Protein chains: 2
Amino acid sequence: MGKNSEIKLIGTAASPFVNRVQFVLSLKSIDYEFIDENLANKSELLLTSNPVYKKVPVLLHANKPPLPESPIIIEYLDEIYPDIHPILPSDPIARADNRFWANYIDTKFFPLFEDLRRTPGKEEKEEIKKQIIEGSELLEEAFVKLSNGKAYFGGDDVGYLDVVLGCFLAWTKFVEKYSEFKVIVEARTPKLLEWSERIWSHEALKDVIPGNEILMNFFMMLQIHKPPKAA
Amino acid sequence: MGKNSEIKLIGTAASPFVNRVQFVLSLKSIDYEFIDENLANKSELLLTSNPVYKKVPVLLHANKPPLPESPIIIEYLDEIYPDIHPILPSDPIARADNRFWANYIDTKFFPLFEDLRRTPGKEEKEEIKKQIIEGSELLEEAFVKLSNGKAYFGGDDVGYLDVVLGCFLAWTKFVEKYSEFKVIVEARTPKLLEWSERIWSHEALKDVIPGNEILMNFFMMLQIHKPPKAA
């Protein structure tokens with residue numbers, strides 16, 4: 001990862017949103033410098049680069065204004081490097097479908113996992129698990145439709161939703177490891193299960209997926225800084 | 001609006017999200033059929049066209065799959081009709097900035113107005129008003145930066161953020177009409193105030209902005225179906 005790179009990424013290894021950008025940079029063979037951020041003690045660089053949300057990832061490209069927000073960064077990278085491994089499909093309807101499901105994952109599906117962690121009551125937790133299962137079933141349908149019998153959401157090769165959902169797998173697996181709750185299973189989401197095994201072993205994803213210790217440390221930080229709500 | 005149109009829009013006149021799509025269709029001189037939806041009693045067409053969110057707007061284009069969500073519809077229209085009145089700028093950084101602020105408006109700024117309506121406590125309402133004011137100041141800065149001394153967020157002509165924020169003005173004005181709370185004012189957001197007067201009198205926006213009776217009816221429906229929370 002080049003010290004002379006024109007591209008720098010402010011991030012933290014445990015963030016699926018950061019991992020996405022890393023995955024895309026890797027797929028597109030873009031050299032970049034990773035600037036590791038401590039979210040428990042945010043840097044001046046992060047605070048001034050993303051004053052509205054103060055979140056990672058932020059992409060710094062040469063002397064252009066800093067770019068926050070993973071979907072926006074990915075579309076940007078796809079626009080400035082359109083020829084090497086396009087991430088979004090070229091057909092406008094397929095692009096719209098990809099954006100729709102990416103937005104669904106970010107605004108509905110993934111936040112349920114954080115709700116699950118923070119909600120104290122057993123019954124409320126069961127209700128959230130039900131919603132996660134319903135979400136996974138919607139994603140199974142989306143996969144069947146978009147992959148059209150091929151290996152990935154993007155068809156024969158990794159596309160936008162493979163990146164977006166693939167980078168969450170470290171966290172769904174983390175939940176599965178430390179609880180009885182299984183998210184992606186043969187009985188409900190057989191195609192998504194096959195896909196998850198396929199993408200999990202993808203070389204470019206392996207490089208960015210955080211290991212268990214990193215996830216555990218991040219989880220502990222969340223428990224301290226954003227503890228479960230009072231019962 | 002053509003009965004033989006290839007494009008149909010499921011919507012309701014009071015929705016700023018629907019208005020955006022209407023505004024873009026008008027700017028691009030695209031003929032379409034408007035299918036009026038009663039949100040208090042949703043149609044089969046809406047429920048089957050947008051099963052995930054069950055919300056307007058939904059764009060129906062010939063025999064293609066239905067497209068929900070205004071940002072996704074607008075990008076789609078801009079991609080299939082790129083030559084007539086482009087909505088997003090062509091420069092990738094400017095596109096990213098536009099997407100960033102559109103997302104800010106949808107996920108942070110505008111939801112505050114709904115919070116204001118639903119929050120019962122006087123102190124909590126004051127806190128939300130403070131956040132709305134901070135938001136309007138961020139948008140003033142964004143306008144100064146993106147318009148670069150010109151008339152619109154999009155420069156010399158109406159662009160993405162002019163559409164996105166312009167269609168909310170009916171609601172900010174509605175709030176201002178029925179309360180002492182002024183959102184866009186000379187003292188805090190002078191450029192945004194000038195812009196709001198300019199865009200408000202834009203011919204293509206005038207055609208889609210709902211009148212006071214429509215807003216009032218919608219507001220009453222909200223009060224009944226999603227009443228303010230108990231104190």
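The following exchange concerns a predicted model of two chains, A and B.

Colleague: What are the ipTM and pTM of the model, and what is the mean pLDDT of chain A?

Modeller: The model is predicted, and its scores are ipTM 0.94 and pTM 0.95. In chain A, 98% of the residues reach a pLDDT of 70 or more. The mean pLDDT of chain A is 94.

Colleague: Which symmetry element relates the two copies?

Modeller: Chain B is superposed on chain A, with an RMSD of 0.0 Å, by a rotation of 180°. The shift along the axis of that rotation is 0.0 Å. The two copies are thus related as by a two-fold rotation axis.

Colleague: Which residue of chain B comes closest to the rotation axis, and what percentage of the contact residues of chain B recur in chain A?

Modeller: By its C-alpha atom, B:Thr107 comes closest to the axis among the residues of chain B, at 4.8 Å. The same surface serves both copies. The share of contact residues of chain B that recur in chain A is 100%.

Colleague: How much area do chain B and chain A bury between them?

Modeller: The contact involves 25 residues of chain B and 25 residues of chain A. Of the area buried between the two chains, 73% is on carbon and sulfur atoms. The total buried between them is about 2300 Å².

Colleague: Which three residues supply more of the area that chain B buries against chain A than any other three?

Modeller: Three residues together account for 25% of the area that chain B buries against chain A. No other three residues supply as much. They are B:Tyr53, B:Ile93 and B:Phe100.

Colleague: Where is B:Tyr53 found, and is it buried or exposed?

Modeller: B:Tyr53 is found in the loop between helix H2 (44-49) and strand S3 (58-61) of chain B. Its relative accessibility is 13%, under the 20% limit, so B:Tyr53 counts as buried.

Colleague: Which residues does B:Tyr53 touch, not counting residues up to four places away in sequence?

Modeller: Within chain B, B:Tyr53 touches B:Glu69. The two residues are 16 residues apart along the chain, and their C-alpha atoms are separated by 9.0 Å. Across the interface, B:Tyr53 touches A:Phe100, A:Asn103, A:Tyr104, A:Thr107 and A:Lys108.

Colleague: Why is helix H3 of chain B described as largely enclosed by the rest of the structure?

Modeller: Helix H3 of chain B spans residues 70-80. Among its buried residues are B:Ile72, B:Ile73, B:Ile74 and B:Leu77, and B:Ser70, B:Glu75, B:Tyr76 and B:Asp78 are also buried. The helix is therefore largely enclosed, because the buried residues number eight of the 11.

Colleague: What secondary structure does chain A have over the two domains annotated in UniProt?

Modeller: The unreviewed UniProt entry places "domain: GST N-terminal" at residues 5-85 of chain A, and "domain: GST C-terminal" at residues 91-218. Over residues 5-85 the chain is 36% helix and 19% strand, with the end C-alpha atoms 20 Å apart. Over residues 91-218 the end C-alpha atoms are 38 Å apart, and the chain is 72% helix and 0% strand.

Colleague: Which peptide bonds are cis in the loops between H2 and S3?

Modeller: Most peptide bonds are trans. A:Pro57 lies in the loop between helix H2 (44-49) and strand S3 (58-61) of chain A, and B:Pro57 lies in the loop between H2 and S3 of chain B. With omega near 0°, the cis bonds are those from A:Val56 to A:Pro57 and from B:Val56 to B:Pro57.

Colleague: What is the phi of A:Ser29, and what is the phi of A:His85?

Modeller: Most residues other than glycine have a negative phi. A:Ser29, in the loop between helix H1 (16-27) and strand S2 (33-36) of chain A, is exposed at 64% relative accessible area. A:His85, in the loop between helix H3 (70-80) and helix H4 (92-118) of chain A, is buried at 17%. Both values are positive: phi is near 55° for A:Ser29 and near 40° for A:His85.

Colleague: How many disulfides does the structure hold, and is A:Cys167 buried or exposed?

Modeller: A:Cys167 is buried, with a relative accessible area of 0%, and B:Cys167 is likewise buried at 0%. Over all chains, the number of disulfides is zero.

Key:
Residues are numbered from 1 along each chain as its sequence is written. Chains are lettered from A and ligands numbered from 1 in the order in which they are written. This is a predicted model: local features need pLDDT of at least 70, side-chain atom pairs count only at pLDDT 80 or more; totals for chains, interfaces and linings use all residues. Side-chain values use heavy atoms; hydrogens and water are left out. Copies are superposed by least squares on the C-alpha atoms of residues with pLDDT of at least 70 in both. Contact means heavy atoms within 4.5 Å. A disulfide is a pair of cysteine sulfur atoms within 2.5 Å. Buried means under 20% relative accessible area, exposed over 50%, partly exposed in between (1.4 Å probe, protein chains only). UniProt positions are given in the numbering used here, feature names are shortened, and annotations may be inferred rather than shown by experiment. Helices (H or I, at least four residues) and strands (E, at least two) are DSSP runs, numbered from the N terminus. pLDDT is the predictor's confidence in each residue, from 0 to 100. Buried area is the accessible area (1.4 Å probe) that two parts lose on being put together, summed over both.
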